[in-house]
Amino acid sequence: MNTLLLIILIIIVLEFLLELILDLLNLKARKQPIPTILSDVYPPDRYKQQQSYKVETTHFSLFQNSISTLAIALVLYFGLLGTLHGWLAEFNFGDIVTTLIFFAIVGFVGWITSLPFSVWGTFVIEEKYGFNKTTKRLFVVDSIKSLLISFIIGGGILAIVTWVYHLTQEWFWIIALGIMLVFSLLANALYSRVIVPLFNKQQPLQEGELLNAIKDFGQRIGFPVGKVFVIDGSKRSTKANAYFTGFGSNRRVVLYDTLIEKMSTEEIVAVLAHEVGHYRKHHIWINFGLGAVQSAIILYLFGWLAQSSALSIALGFESANEPVFHLSLLAFGLLFSPIETILGVFTNRLSRTMEYQADAFAAKHNQGKGLISGLKQLSAENLSNLTPHPMYVLVNYSHPTLLQRINRINGE
Ligand SMILES: [Zn+2]
C-alpha cells in the first residue's frame with residue numbers, strides 16, 4: 001500500500017478518535033452539579049430537556065461522523081478519486097474545466113449524502129425540542145439556493161485559482177493569497193446586501209423604546225451605531241442571535257427578531273455593547289490579519305508539496321507522471337487537517353480572549369448586569385451546556401463558557 005495513503009488514512013482515524021473522546025468526556029461532564037450562580041438559568045424540567053437534547057445531538061453527530069469517516073476511508077482506500085480523474089481526463093476538457101467538473105461531482109456527492117442527516121437534524125431533533133420553524137418547502141428552497149451559491153462562488157474562485165496554478169507554479173501561492181484576501185474583503189462588505197437577502201428579510205428597526213435606547217447608548221460612548229436592522233430569524237428557528245457586519249459607512253447592527261421577542265431592552269443594549277466592544281478593539285481586523293497569515297502558510301506549503309505527483313498517486317491516480325491539481329489539493333487538505341486542528345486550539349483560545357475583552361468593554365460601560373442576564377437568557381433559549389468538559393472547551397469553544405464569562409464580568 002502507498003505510504004502517503006496510509007498516513008492519510010491514519011490521520012482520518014485519529015481525528016475521528018479525538019472527536020469521539022472529546023464527545024464522551026463532554027457527555028460525562030454534563031452530570032456535574034450546576035454552579036450556584038447559574039442555578040436560575042433553567043427551571044428544573046427545562047434542564048432535564050437540555051440534558052436530553054445534548055445527549056441526542058451528540059449521539060447523532062457521532063453517528064454521522066462514523067458514517068462519513070468510513071465512507072471517506074473507503075473512497076480513498078479504493079482510489080476512487082483517482083479513478084474519477086482518470087475517467088474525466090479521457091474527455092480532454094482541458095485543465096481548468098476538468099478541475100471544475102471534478103469538484104462539482106465530488107461536491108455534489110458530498111451534498112447529497114449529507115442531506116438525509118440534515119433533514120433528520122432539522123425535522124426530527126430540532127423539531128422535537130421546539131426549535132424548528134423551517135417548513136419542508138423552505139428547506140428545499142434553502143438547500144437549492146445554497147447549492148447554487150456554492151457552485152457559482154466556489155466555482156468562480158476555483159476557476160481563477162486553477163488558472164493561476166497552471167500559469168505559474170512559482171508565484172502561485174502569493175497570487176492565490178491575493179485573490180483570497182480580496183475576495184474575503186468583498187464578501188464581508190457585500191454579505192448583508194447580497195447574500196443575506198437571498199435567505200432573509202431585513203428591515204430597519206422601528207422607532208420606539210429599543211431604538212432610542214440603542215441610539216442613547218451609542219451617543220453616551222461616542223460610537224454612532226449606524227443602521228440597526230431586524231432579521232426574520234424566526235422563519236427557520238427559535239434560536240436567537242445578534243451581530244455586527246460590514247465596515248465604515250456600510251456598518252450595520254443586525255438583531256434577530258427572536259432576540260427582540262425574548263429579551264428586555266436593557267439586555268439587548270448590553271448584548272449590543274458587547275458587539276461594539278469587538279468593533280472598538282479591532283477584532284475584525286485582527287482576525288482578518290491572522291487569517292491572512294494562516295492562508296499564506298497553507299498556500300506556500302501547498303505550492304511546495306503540489307510540485308510532486310506523489311499526492312495524486314496517493315489518491316489513486318497511479319499513472320500520474322505529473323501532479324494533478326485537484327487531486328493534490330484534496331490530498332493536501334487531508335494531510336494538513338491535524339495541523340489545522342492544532343491551529344484551531346490557538347485560534348479558539350484567541351477568540352475566547354476577544355470575547356472576554358468585548359464583555360469587559362460592555363461592563364466598563366455599565367452594561368455588566370444586563371449582559372449577565374442577557375447571556376443567561378440566550379443560553380436558556382438555545383439550550384446551551386452549563387458544564388462542558390474543559391478539554392472540549394479547549395479544542396472546540398470559540399466563546400468562554402457561561403460560568404467563565406459571568407465570573408469575569410463580576411471581576412472574579
Ligand atoms: Zn462576541
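**The zinc site and a helix pair**

Reader: Is H274 buried or exposed?
Author: This is a predicted model with residues numbered from 1 along each chain as its sequence is written, in which local features need pLDDT of at least 70 and side-chain atom pairs pLDDT 80 or more, while totals for chains, interfaces and linings use all residues. Side-chain values use heavy atoms, leaving out hydrogens and water. Because H274 has a relative accessible area of 5%, and the classes are buried under 20%, exposed over 50% and partly exposed in between (1.4 Å probe, protein chains only), H274 is buried.

Reader: In which helix do H274 and H278 both lie?
Author: H278 also counts as buried, at 14% relative accessibility. The two histidines are four residues apart, about one turn of a helix (a DSSP run of H or I, at least four residues, numbered from the N terminus), and that helix, residues 265-280, is α9.

Reader: Which residues coordinate the zinc ion?
Author: Donors are N, O and S atoms within 2.8 Å of the metal (3.2 Å for Na, K and Ca), and sites may look incomplete because water is not among the atoms. The donors follow the spacing H-x3-H-x76-E along the chain. At 2.1 to 2.8 Å, the zinc ion is coordinated through NE2 atoms of two histidines and, listed twice, OE of a glutamate: H274, H278 and E355.

Reader: At what angle do helix α13 and helix α15 pack?
Author: Helix α13 (residues 368-381) and helix α15 (residues 402-409) have axes 10 Å apart, the axes being lines fitted to C-alpha atoms over the stretch in contact (heavy atoms within 4.5 Å). Angles run from 0 to 180 degrees between N-to-C directions, and here the packing angle is about 170 degrees.
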